[in-house]
Amino acid sequence: MHRITGKGGDSLIEMSPAESFNDDLNGYHQHASSSSGSLQQGQSEFPLTPEVCVETCESLNTSQTSLAPSDHSDSPQREAQTLEQINSLTGLSRKRALFLKFRSRIDRQQQSKDSVFFRDGLRRIDFVLSYVDDKDEKKQERRKVYEANLEKVGLQLEVEDKSESEDGKTYFVKIHAPWEVLATYADVLKIKVPFKVNDIPDNTEMPMNWMSTPFRLPDHIMHPEPDFFTAPFNKSKSDFFLIDDRETFFPPSTRNRIVYYILSRCSYFRDECGDKDKKGIKRLLNNGTYTSAFPLHDSRYWTRAKDANCESERYNLYKHWARFFCFFKEQPLNLVRKYYGEKIGIYFAWLGFYTEMLLFAAIVGTICFVYGVLTYDDNEWSKEICSEEIGGNIIMCPLCDKKCGYWKLNTTCNSSWQSHLFDNVGTVFFAIFMGIWVTLFLEFWKRRQARLEYEWDLVDFEEEQQQLQLRPEYETKCSNRKMNRITQEMEPYLPVTSKCARTCLSGATVLFWISLIIACIIGVIAYRLAVYAAFASIMKDSPTAQLQVVGPLITPQLATSVTASCINFVIIMILNLMYERVAVWITDMEIPKTHLEYENKLTVKMFLFQFVNYYSSCFYVAFFKGKFVGYPGKYAYMFGSELRNEECDPGGCLIELTTQLVIVMTGKQVWGNIQEALVPWLMNWWGSRKARSHPESLYSRWEQDHDLQGFGQLGLFYEYLEMVIQFGFITLFVASFPLAPLMALINNIIEVRVDAWKLTTQFRRPVAAKAHSIGAWQEILNGMAVLSVVTNAFIVAFTSDMIPRLVYMYAYQPDGQMNMKGYINNSLSVFNISAFPLDNKPDDDENPFWFNSSIHTTCRYRDYRYPPGHEMQYKHTMQFWHILAAKLAFIIIMEHVVFFVKFFVAWMIPDVPSDVRARVKRERYLVQEYLHNYEVEKLKIQLSQNTHDECTCAPMIYPSLPRHEVLSECL
């Protein structure tokens with residue numbers, strides 16, 4: 001036993017060596033002692049010397065505590081000597097010495113270091129600041145002034161000395177906001193709080209509700225708090241609201257939001273300095289005065305907090321939401337909102353809804369793909385290509401100059417079969433379906449969002465309220481002042497000349513980076529043109545051609561397409577990493593006025609860049625490749641160089657677009673998940689490797705959170721950006737790959753749980769923020785929905801071979817039958833080999849062994865032109881113009897049909913459900929009624945207490961008067 005006795009003999013603590021390191025003990029006892037104590041040791045596996053064990057009552061010689069003066073019994077010299085002795089120890093001895101030091105605090109309440117309360121166990125820790133004292137006098141002065149100003153505002157601070165931290169270097173400043181501070185700023189921020197339990201009956205029972213039972217979560221998880229009528233908090237009317245306990249009236253998310261609001265605006269300069277620019281925790285973090293600032297998680301994620309006053313909501317989120325095996329369960333959005341705030345809650349609500357809607361698109365896309373598989377054997381044109389009698393006797397013109405020889409059409413047999421899986425009648429149906437699906441998704445999301453606005457008390461949330469809250473950076477950098485017409489107060493503003501100059505510089509920077517992306521894409525195209533000839537020459541006698549299974553699949557076209565796509569993906573990732581910092585820098589340079597304006601500006605910049613970065617290669621393959629190649633003897637070249645423009649396979653460019661889409665989309669999703677999950681986990685694992693073996697009583701709650709990664713102000717922004725880019729892939733180019741929604745669905749099922757897991761386990765708790773919608777992303781999605789109709793119509797018309805086949809079947813089939821026999825021969829034009837210029841003619845050693853120039857006098861190429869010897873040789877035939885007219889007609893008809901259905905559906909589906917609209921009106925009426933009754937009762941009490949009644953009417957008649965008469969007569 002270790003027995004610690006104070007000199008007064010009024011306290012006695014007994015604990016075994018095992019107990020001192022037992023997590024289940026979960027506490028260190030704080031006991032009073034009059035002066036220096038003595039340590040009596042019994043038998044112990046790890047003996048301690050009396051000089052190491054400390055019974056003093058003051059643990060931090062620099063901390064700001066609320067202890068009574070009589071409690072400070074030890075001298076500073078003794079404390080310094082004790083700390084020096086402890087720091088001289090290493091390993092387990094130091095841990096035990098620190099543990100006994102903690103247990104000997106004077107407060108008699110049990111309080112674990114894994115707690116969200118001050119040492120007194122009563123005041124909640126609302127925020128934590130950390131810093132390393134590097135003997136920098138400027139930083140010390142800033143911290144001293146800043147913390148003094150925080151205390152002037154009313155916040156209460158408690159400091160944990162560096163000797164009590166794991167690394168022995170980090171100080172932690174714990175911040176508590178008392179009731180007066182919370183009430184004052186809740187009034188300023190117009191935070192809605194409950195004043196009456198909602199008594200409107202909820203009749204939202206769904207038919208066949210029992211079928212959803214396996215997907216449900218417990219009711220206390222889905223609805224962690226009752227439904228209330230709420231109104232903006234008014235400090236002068238605090239008795240109007242349902243305040244049972246002032247300490248728990250404001251939830252932790254609201255408390256940390258209020259404290260962060262104060263931290264962001266508190267100055268760190270002395271009044272006599274007058275330097276208004278020195279303000280806000282963000283600047284202090286940037287200049288290294290503090291190393292981090294964060295609110296605390298309420299428990300460890302894998303176990304409940306031992307303290308009954310801790311809610312352990314983090315544990316509930318991890319157990320029911322953040323584990324992958326909960327992927328089939330509904331999301332506890334109300335608990336997410338309560339713990340993280342509305343802004344993060346609305347993101348997960350949107351992501352979950354998007355994933356649910358993807359299920360329908362994935363089912364239809366899979367059916368279209370299965371249709372392509374089932375009609376595999378009915379593919380007449382692929383049979384002709386693979387046939388020795390037809391495809392084996394068609395000699396094709398070289399695909400590049402000099403280094404490419406003549407080739408037989410049947411060498412593209414496999415690619416034509418693969419192309420049929422995606423290029424069939426089902427593709428047209430799926431493209432039209434996706435145009436309607438995206439409209440349904442956006443309209444139903446508006447309804448879902450309206451319901452969340454009602455349930456989360458965001459109905460009266462106005463962006464104007466947020467815009468009144470200027471960014472601290474704007475307030476400090478704008479020295480000019482002008483009168484605000486709304487508030488009639490002087491406020492900072494940015495002069496028009498400075499604003500225009502900053503906007504022009506920002507726009508020029510964005511254009512430069514977009515031009516850089518286009519230059520990189522042109523470089524990739526040049527690579528494709530240059531390398532294709534090399535692949536064609538190398539693979540002519542390649543040993544891979546002898547492989548039975550994959551040999552026929554490895555063609556120069558495939559090798560060029562795959563390597564170019566991979567290179568393009570690497571360039572995309574590198575440019576992303578570079579541009580993210582540039583976008584933040586130029587947005588900061590513009591000095592946006594509000595947080596909302598800042599996010600919108602950054603959103604537009606990042607999306608424009610990402611749009612060009614991710615989609616430019618797909619646009620090239622879909623709409624440019626094979627469209628401007630010319631014909632043999634008069635080929636088109638890239639910018640007048642020696643690089644000949646690419647041609648499509650006889651099977652079409654659709655399969656190449658599919659390849660490009662799969663590589664970029666899949667690569668981005670895999671890379672994104674690695675970045676989101678693996679990197680934070682590895683960094684946290686490495687950063688906390690020393691502290692993982694600590695017992696709960698030594699590894700404090702603030703140190704645990706300090707070792708986690710910071711979520712950052714733009715953490716949610718990147719999550720939205722990732723999903724919106726994915727949304728573009730499955731809408732803009734879905735006609736080329738019907739399985740894209742299925743891939744997105746699988747990714748998003750994982751994405752929801754990965755995002756939940758990393759937010760709950762790998763990141764510090766973000767500061768709660770309000771948002772009633774997904775913001776600027778809604779307009780971006782609407783724009784992409786409109787653009788997707790156009791792109792898919794053009795893909796079906798110009799990238800797919802669907803229209804030429806239909807024109808042939810209905811107008812040019814020689815036997816007048818409704819089949820595709822003879823289509824391949826009809827779609828290929830003839831060129832006289834002897835007419836090849838020397839620059840285009842292949843070298844003799846590049847031709848295959850079977851080619852004989854005396855026998856083979858003509859070659860075929862993909863186009864509709866008159867043959868040699870015709871009076872209009874090599875000019876376009878009438879069939880070409882018929883096909884072009886059919887393509888344009890298809891685009892016009894498809895766009896008009898889809899747009900008509902889109903706008904009709906949007907008009908038919910109201911943005912706000914009727915029951916939600918009715919409940920909102922009912923709630924507003926009741927709020928006004930209760931507020932009126934409260935004011936009348938308060939007025940009657942005041943009049944009854946006033947002996948000199950200034951009102952000429954009798955108070956007793958008020959209940960019989962209409963409301964407006966009562967107010968007008970008495971006021």
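**View 1. Helix 14 and helix 28 pack together at an angle of about 25°.** In this predicted model, helix 14 covers residues 425–455 and helix 28 covers residues 914–945, and their axes lie 10 Å apart. Because angles under 35 degrees count as roughly parallel, helix 14 is roughly parallel to helix 28. The crossing of helix 14 past helix 28 is left-handed. To find where the two helices meet, look for Ala450, Arg451 and Tyr454 in helix 14. Their counterparts in helix 28 are Asp915, Val916, Arg919, Val920 and Glu923.

**View 2. The largest nonpolar core has 140 residues.** Good landmarks here are Trp350, Tyr354, Trp437, Phe441, Tyr615 and Phe729, the residues with the most contacts inside this core. Helix 11, residues 342–374, supplies the largest share of the core, with 15 residues. For some background, nonpolar side chains in soluble globular proteins tend to be buried together.

**View 3. A close look at the surroundings of Phe729.** Setting aside neighbours within four places in sequence, Phe729 touches Tyr614, Tyr615 and Cys618. Phe729 is also in contact with Leu661, Val664, Met665, Lys668 and Val734. Tyr615 may be familiar from the previous view, as Tyr615 and Phe729 are both among the residues with the most contacts inside the largest core.

**View 4. Another nonpolar core, of 45 residues, lies apart from the largest one.** Trp179, Phe233, Leu263 and Tyr268 are among the residues of this core, and they make handy starting points for finding your way around.

**View 5. Strand 6 is largely enclosed by the rest of the structure.** This strand spans residues 127–132, and five of its six residues are buried, so the rest of the structure encloses most of it. Strand 6 pairs with strand 8, residues 170–176, in the antiparallel sense over six bridges. Val128 can help you trace this pairing: its bridge partner in strand 8 is Lys174. Strand 6 also pairs with strand 11, residues 292–294, again in the antiparallel sense, over three bridges. Here Ser130 has Ser292 of strand 11 as its bridge partner.

**View 6. Helix 9 is mostly covered.** Helix 9 runs over residues 313–322, and eight of its ten residues are buried. The buried residues are Glu313, Arg314, Tyr315, Asn316, Leu317, His320, Trp321 and Ala322. Their cover includes helix 5 (219–222), helix 10 (333–340) and helix 11. Helix 21 (701–706) and helix 23 (740–762) also contribute to covering them.

Terms used:
Residues are numbered from 1 along each chain as its sequence is written. This is a predicted model: local features need pLDDT of at least 70, side-chain atom pairs count only at pLDDT 80 or more; totals for chains, interfaces and linings use all residues. Side-chain values use heavy atoms; hydrogens and water are left out. A nonpolar core is a set of buried Ala, Val, Leu, Ile, Met, Phe, Trp, Tyr and Cys residues joined through side-chain atoms within 4.5 Å. Buried means under 20% relative accessible area, exposed over 50%, partly exposed in between (1.4 Å probe, protein chains only). Helices (H or I, at least four residues) and strands (E, at least two) are DSSP runs, numbered from the N terminus. Contact means heavy atoms within 4.5 Å. Two strands pair if DSSP finds at least two bridges between them. Axes are lines fitted to C-alpha atoms, for helices over the stretch in contact, and angles run from 0 to 180 degrees between N-to-C directions. Angles under 35 degrees count as roughly parallel, over 145 as roughly antiparallel, 65 to 115 as roughly perpendicular and the rest as oblique. A crossing is left-handed if the near helix is turned anticlockwise from the far one by less than a right angle, and right-handed if clockwise.
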